[in-house]
Amino acid sequence: MKSKFLAFLGSAVLTAGVANAGGYQANLQGQKQIGMGHAGTGLALDQSSIFFNPGALAHLRQNGIQIGVSALNSKIAYREASGGVSESQTDNPLGTPFQVYASYGAAESPLRFGIGVYTPYGSTVNWGSTWQGRFGLNELTLQAIYIQPTVSYRITDKLGVGAGLIVSIGSVNLQRSVPLTDENGNEGHIELDGKSKTGIGFNAGVYFQPTDKLSLGLTYRSKVDAKVEDGDIILQIPDAAPVRAQFKGDKFNATLPLPANLTLGLGYKATDKLTIAADVQRVEWSAYESLRFDFNDVIGGQVSSEAQRQYEDSYIYRLGAQYVLSDIMTIRAGAYYDESPVQDGFLTPETPDSDSRGVSAGLTLKLSEKVDLDASFLYVNKKERTDDASKSNGVAGTFKSVAYIPGVGVNYKF
């Protein structure tokens, strides 16, 4: 019993199985860019440059406010290991990653200020309390919100630089069944709940437009550590004294690295109406080596636990295009390929990750001289993956994930 319990603690808390990006990252930070496969580092499209490339923000000619939200509908299916016929599927609630950006600068000033609020990590995975892997995970909710004040400076008409301070806040809630039963045959249950301390990082970028047709961008977003201190441990276990003596803790500490990203982007204006974008994004997942928990008293007879993760750095390759169809409508399309950072043997039910393919489409409707409406749709299909979970203490078997993600945004320019 003790080994199973500690295996759970080492495998589940603070990671989320989002179905729209590798690991627990959620790449949904701009409706125009989502429509182009989330490419945009080499473009100066709108106020979302605060996220995609702070160096491009100073090349915008208008001030503006932008609000957008996506509806993340993800499903993960599971089939038990070799020879098994038992299957399960998550019942995840609708996720709502959002983004808010605003920027301001005097009309002829090379200096522009901005602020962004967005959700680069987080989701909910709900397997329920009756599936085969319930002693590994019932449900996990992870939320991380980045707040980014930004300054951007246009050195010349061809070159801009920018940087922003990242302030991260968030929370985690995890629930699982415990392999202990009371006199009525009810299984035990544990819930871990906590808010992360404020984390600090930065986002910096360079934008270069050597010709009227070609533009380039390079950005770096630093790692941020999400630390939970004095999170609550809520237990429902048998009242027998020998059992209670092994579960006396009621608080936990843990840290989850939100990894750094380095992105190189290109924009090419093929015609007056057609713009092509391509990004290569390196995600420094190797920061996630292990997951350690420290308890204020014994849990399963131990005061701490640690499980290896050994994530690998990975790349995302993006390609997109937009076409100005008329004075009031611009259409977009894109695709990407996202490498999984999870090595063989390390698959877990909260992040049953694999290489994924995404295709997207979008449009902008010009409602007036000051107001635009953006819409996007992204479909994500992760490759089916079978893993013995021998190194993660996860749940052996085959996992398959898909996601359908419509989104909408409003831009006000002044």
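Which strands each supply at least two residues of the lining of the largest pocket? In this predicted model, strand 9 (214-221), strand 12, strand 16, strand 17, strand 18 and strand 21 (397-413) each do so. The largest pocket holds about 940 Å³ of space. Its lining comprises 36 residues, and those nearest the pocket centre are Lys32, Ala44, Leu45, Asp46 and Gln322.

Two of these central lining residues, Lys32 and Asp46, are joined by a salt bridge between their side chains, with an N to O distance of 3.0 Å. The pair links distant parts of the chain, 14 residues apart: Lys32 belongs to helix 2 (residues 31-35), and Asp46 to the loop between helix 2 and helix 3 (49-52). Lys32 counts as buried because its relative accessibility is 8%, under the 20% limit. Asp46 is likewise buried, with a relative accessible area of 6%.

Three of the strands that contribute to the pocket lining, namely strand 16, strand 17 and strand 18, are connected by pairing. Strand 16 (residues 314-324) pairs with strand 17 in the antiparallel sense over nine bridges, and a hairpin of four residues joins strand 16 to strand 17. Within this pairing, Ile316 stands opposite Asp338 of strand 17. Strand 17 also runs antiparallel to strand 18 (residues 356-366), to which 10 bridges join it. There, Ala333 has Ala361 of strand 18 as its bridge partner.

The two faces of strand 17 (residues 329-338) are distinguished by cover. Thr330, Arg332, Gly334, Tyr336 and Asp338 make up the covered face, whereas Met329, Ile331, Ala333, Ala335 and Tyr337 make up the uncovered one. Asp338, the residue opposite Ile316, thus falls on the covered face, and Ala333, the partner of Ala361, on the uncovered face.

Enclosed space was also examined. Four cavities of 30 Å³ or more were counted, and the largest cavity has a volume of about 80 Å³. The largest cavity is lined by 14 residues, with Leu142, Gln143, Ser171, Ser196 and Ala226 nearest its centre. Strand 6, strand 7, strand 10 (224-236) and strand 11 (251-258) each supply at least two residues of this lining. Strand 7 gives the most, with five residues.

A nonpolar patch lies on the surface, with a combined accessible area of about 790 Å². The patch is formed by Leu111, Phe113, Val151, Tyr153, Ile155, Val161, Val206, Leu218, Leu262 and Leu264. At least two of its residues come from each of strand 5 (111-126), strand 6 (139-154) and strand 12 (261-269). Val161 is located in strand 7 (residues 159-181). With a relative accessible area of 31%, Val161 is partly exposed, and therefore passes the patch criterion of over 30%.

In total, 15 salt bridges were counted. Among them, Arg134 and Glu187 form a salt bridge whose closest N and O atoms are 2.9 Å apart. This pair links distant parts of the chain, 53 residues apart, with Arg134 in the loop between strand 5 and strand 6 and Glu187 in strand 8 (residues 187-208). Glu187 is partly exposed at 33% relative accessibility. Asp239 forms a salt bridge with Arg244, with closest N and O atoms 2.9 Å apart. Asp239 is exposed, at a relative accessible area of 64%, while Arg244 counts as partly exposed at 31%. Salt bridges with shared partners also join Lys32, Asp46 and Asp374 into one network.

Note on methods. Residues numbered from 1 in each chain as written. Predicted model: local features only at pLDDT ≥ 70, side-chain atom pairs only at ≥ 80, totals over all residues. Heavy atoms only, no water. Buried < 20%, exposed > 50% of the residue type's maximum accessible area, 1.4 Å probe, protein only. Pairing = 2+ DSSP bridges. Patch = residues over 30% accessible without salt bridge, like charges linked within 9 Å, V, L, I, M, F, W, Y side chains within 5 Å. Areas by Shrake-Rupley, 256 points an atom, 1.4 Å probe, with all protein chains shown as cover. Salt bridge = Lys/Arg side-chain N within 4 Å of Asp/Glu carboxyl O. 1 Å grid on protein atoms, 1.4 Å probe; cavity = no way out; pocket = protein on both sides within 12 Å on 5 of 7 lines; lining within 4 Å. Points joined across faces, edges and corners; volume = space filled by probe spheres on them.
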